[in-house]
Amino acid sequence: MFPIRDHNPSGRTPFVTYALIVANVGIFLSYWPLMQSDQEIMRFYFDYALIPALVSEGQGFSGFLTSMFLHGGWMHLIGNMLFLFIFGDNMEDEMGHMGFTLFYLAAGLGAGFIHYISAPGSPVPTVGASGAIAGVMGGYLLLFPKAKVDILIIIVIIFRIFPIPAWIMLGLWFAMQIFGGFGTAADEGGVAYWAHVGGFVIGLALTIPLWLRLGGPQFWTRTEGHPPHPEAKYQLSRSRVPSVRRK
């Protein structure tokens with residue numbers, strides 16, 4: 001189950017969101033050949049990933065920033081960029097280009113710091129934009145809790161798309177991160193759950209001033225939690241596979 005789009009069109013071109021996607025893809029392509037060698041990619045990660053043990057020794061502080069633009073594989077990259085593409089444009093629309101840039105970086109840096117606190121002695125390199133993107137999702141939840149999000153559910157060979165309110169999809173995702181954080185040792189390899197949790201909470205907190213300027217609870221009352229503009233409509237294409245009706 002994963003989101004494929006929302007019904008919340010933005011009112012301006014999300015140049016920063018597009019630039020972030022291009023930057024992440026371009027940087028990944030620049031070092032992707034190194035992934036053919038474990039030694040070379042580990043040497044690269046040692047220089048640019050976030051390694052909590054190094055930070056504890058007073059080194060590698062630049063990794064808090066550079067790790068936000070690195071990924072561990074194609075699926076890691078594609079998944080993160082999909083979430084950024086779906087939710088980033090609306091946050092940029094509300095915050096403005098510069099405001100969204102600062103917000104994204106602050107959420108990513110904060111998520112990295114939360115990850116460091118959760119495992120200060122871990123020698124495992126941490127990479128990915130998911131902490132910053134979790135911040136975008138947290139802010140989106142505060143501003144557009146009832147925006148429709150289309151999710152694709154795959155059950156064996158059955159593919160179905162369902163529109164659900166953003167608060168359900170994002171709330172479920174957040175709960176899964178907390179569950180994963182308590183169920184997985186932070187100093188082991190895998191998913192940096194606490195970075196996701198931290199980024200989400202930080203992003204939500206950083207969006208509160210904007211939410212208050214928009215009216216706070218009255219903003220929700222006026223829009224009933226939906227985007228303050230007409231939602232996009234999508235028509236699912238009909239299958240061209242012939243069928244025989246039963247009598």
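Contact here means heavy atoms within 4.5 Å. The model is predicted.

**Exercise 1.** Find which residues Phe-87 is in contact with, leaving aside its neighbours within four places in sequence.

*Solution.* Apply the contact cut-off around Phe-87. The partners are Val-136, Met-137, Tyr-140, Val-149, Met-169 and Leu-170. Next, place Phe-87 in the nonpolar core. The largest core has 46 residues. Phe-87 is listed among those with the most contacts inside it, and so are Met-137, Tyr-140 and Leu-170. Then look at the elements. Those giving two or more residues to this core include H1, H2, helix H5 (74-95) and strand S2 (148-155). The largest share, nine residues, comes from H7.

**Exercise 2.** Classify the aromatic pair of Tyr-31 and Phe-44, and say which helices the pair ties together.

*Solution.* A search of the whole structure finds 18 aromatic pairs. For Tyr-31 and Phe-44, the centres are 4.7 Å apart and the planes differ by 25 degrees. Planes under 30 degrees apart count as stacked, so this pair is stacked. Tyr-31 lies in helix H1 (residues 15-31) and Phe-44 in helix H2 (residues 38-48), so the pair links parts 13 residues apart in sequence. Now check burial. Tyr-31 is buried at 1% relative accessible area; Phe-44 is buried at 16%.

**Exercise 3.** Repeat the analysis for Phe-174 and Phe-200.

*Solution.* The centre-to-centre distance is 4.6 Å, with 25 degrees between the planes: stacked. Phe-174 sits in helix H8 (residues 166-183) and Phe-200 in helix H9 (residues 193-213), so the pair ties together parts 26 residues apart in sequence. Phe-200 is buried, with a relative accessible area of 3%.

Key
Residues are numbered from 1 along each chain as its sequence is written. This is a predicted model: local features need pLDDT of at least 70, side-chain atom pairs count only at pLDDT 80 or more; totals for chains, interfaces and linings use all residues. Side-chain values use heavy atoms; hydrogens and water are left out. Rings of Phe, Tyr and Trp (its six-membered ring) pair if their centres lie within 6.5 Å; planes under 30 degrees apart count as stacked, over 60 as edge-to-face and the rest as tilted. Helices (H or I, at least four residues) and strands (E, at least two) are DSSP runs, numbered from the N terminus. Buried means under 20% relative accessible area, exposed over 50%, partly exposed in between (1.4 Å probe, protein chains only). A nonpolar core is a set of buried Ala, Val, Leu, Ile, Met, Phe, Trp, Tyr and Cys residues joined through side-chain atoms within 4.5 Å.
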